[in-house]
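Visitor: Got a minute to walk me through this one? I'd like the fold, then the pocket, then the rings.

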Amino acid sequence: MNLYGSRYERSKDGTASIQNLYIEKQWECFVLEDQVREPSERPLDSRELAHWVAAWKIKGKTAIPSGTYEIRWTQSPKYSQRAGKPVFTLEIVGVPGFWGIRYHAGNDAEDTEGCQLPGRIHLPGEASVGESTLALRALEAKLCPAFERGEKVWITITNDFDSFFGPGKPSNG
């Protein structure tokens, strides 16, 4: 299964970025994440990626670099400890210089902690999403059957700030 996250907007206050999230080319929801800080120049040698990321990453306040990554259904140590029982969430794995990047409910940039916050509502320019729990549950309901079938789930995230202006709507140039 393939997901596509198109980053199309930076918040007015500079604390967050917004993605359109698509599942197999079908718009699913908005995603709020931390500010994109990655420079446009990327090292060609994959062994240099972790060093490259370390040069610009601010822990808990930086979006993951654009790229293609696997999503897995894994137990969250943080949420399991809080709940006192095993809690599983969607996790993006294999991101150079990042770990524990999860999809979870939240409404504003303070809730991201470096993670991905799905939402059904987004006001342009704002560092927030609404109806996050509903969007998260809908996303999980679509991805979990793929995991149960043993399918791999991948997401490709791109920085399209100059190309998109809303949910599923490419600009005219």
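Guide: We'll take those topics in turn, and note that this is a predicted model.

Visitor: Fine. What is the strand order in the sheet?
Guide: The order is 6-5-4-8-1-2-3-7. The sheet is open, has 8 strands and shows mixed pairing.

Visitor: Which strands stand at the edges?
Guide: Strand 6 (101-102) and strand 7 (117-119). Each has a single partner strand, so one side of each is left without a neighbour in the sheet.

Visitor: Mixed pairing, ok. Strand 1 and strand 8: parallel or antiparallel?
Guide: Parallel. Strand 1 covers residues 2-10, strand 8 covers residues 153-159, and 6 bridges join them. Ser6 has Thr158 of strand 8 as its bridge partner.

Visitor: And how does strand 4 meet strand 8?
Guide: Strand 4 (residues 67-75) runs antiparallel to strand 8, with 5 bridges. Tyr69 stands opposite Ile155 there.

Visitor: How many bridges between strand 2 and strand 3?
Guide: There are 8, in the antiparallel sense. Strand 2 is residues 16-23 and strand 3 is residues 26-34. Leu21 faces Cys29 across that pairing, standing opposite this residue of strand 3.

Visitor: Switching to pockets. How much space is in the largest pocket?
Guide: About 420 Å³. The lining has 16 residues, and the closest to the centre are Trp99, Gly100, Ile101, Glu113 and Cys115.

Visitor: What supplies the largest share of that lining?
Guide: Helix 2, with 3 residues. Helix 2 (77-83) and strand 6 each give at least two.

Visitor: How do the lining residues divide by type?
Guide: 6 nonpolar, 5 polar and 5 charged.

Visitor: Now rings. How many aromatic pairs?
Guide: The count is 3. One of them is Tyr4 with Tyr22, a tilted pair at 5.9 Å centre to centre and 35° between the planes. Tyr4 is in strand 1 and Tyr22 in strand 2, 18 residues apart.

Visitor: Buried or exposed, those two?
Guide: Tyr22 is buried, at 10% relative accessible area. Tyr4 is partly exposed, at 30%.

Visitor: Why is the pair of Trp27 and Phe30 edge-to-face?
Guide: The planes of Trp27 and Phe30 are at 75°, so the pair is edge-to-face; the cut-off is over 60 degrees. The ring centres are 5.1 Å apart. Phe30 is buried at 7%, while Trp27 is partly exposed at 30%.

Visitor: Last one. Which ring does the charged end of Arg10 sit over?
Guide: Phe161, at 3.6 Å from the ring centre. Lys57 also lies over a ring face, that of Phe98, at 4.2 Å from the centre.

Methods. Residues are numbered from 1 along each chain as its sequence is written. This is a predicted model: local features need pLDDT of at least 70, side-chain atom pairs count only at pLDDT 80 or more; totals for chains, interfaces and linings use all residues. Side-chain values use heavy atoms; hydrogens and water are left out. Two strands pair if DSSP finds at least two bridges between them. Helices (H or I, at least four residues) and strands (E, at least two) are DSSP runs, numbered from the N terminus. On a 1 Å grid over the protein atoms alone, a cavity is a set of points where a 1.4 Å probe fits but cannot get out, and a pocket is an open set with protein on both sides within 12 Å along at least five of seven lines; lining residues have an atom within 4 Å of a point. Grid points are joined across faces, edges and corners, and a volume is the space filled by probe spheres set on the points. Ala, Val, Leu, Ile, Met, Phe, Trp, Tyr, Cys and Pro count as nonpolar, Asp, Glu, Lys and Arg as charged, and the others, Gly among them, as polar. Rings of Phe, Tyr and Trp (its six-membered ring) pair if their centres lie within 6.5 Å; planes under 30 degrees apart count as stacked, over 60 as edge-to-face and the rest as tilted. Buried means under 20% relative accessible area, exposed over 50%, partly exposed in between (1.4 Å probe, protein chains only). A charge sits over a ring if NZ of Lys or CZ of Arg is within 6 Å of the ring centre and within 35 degrees of the ring normal.
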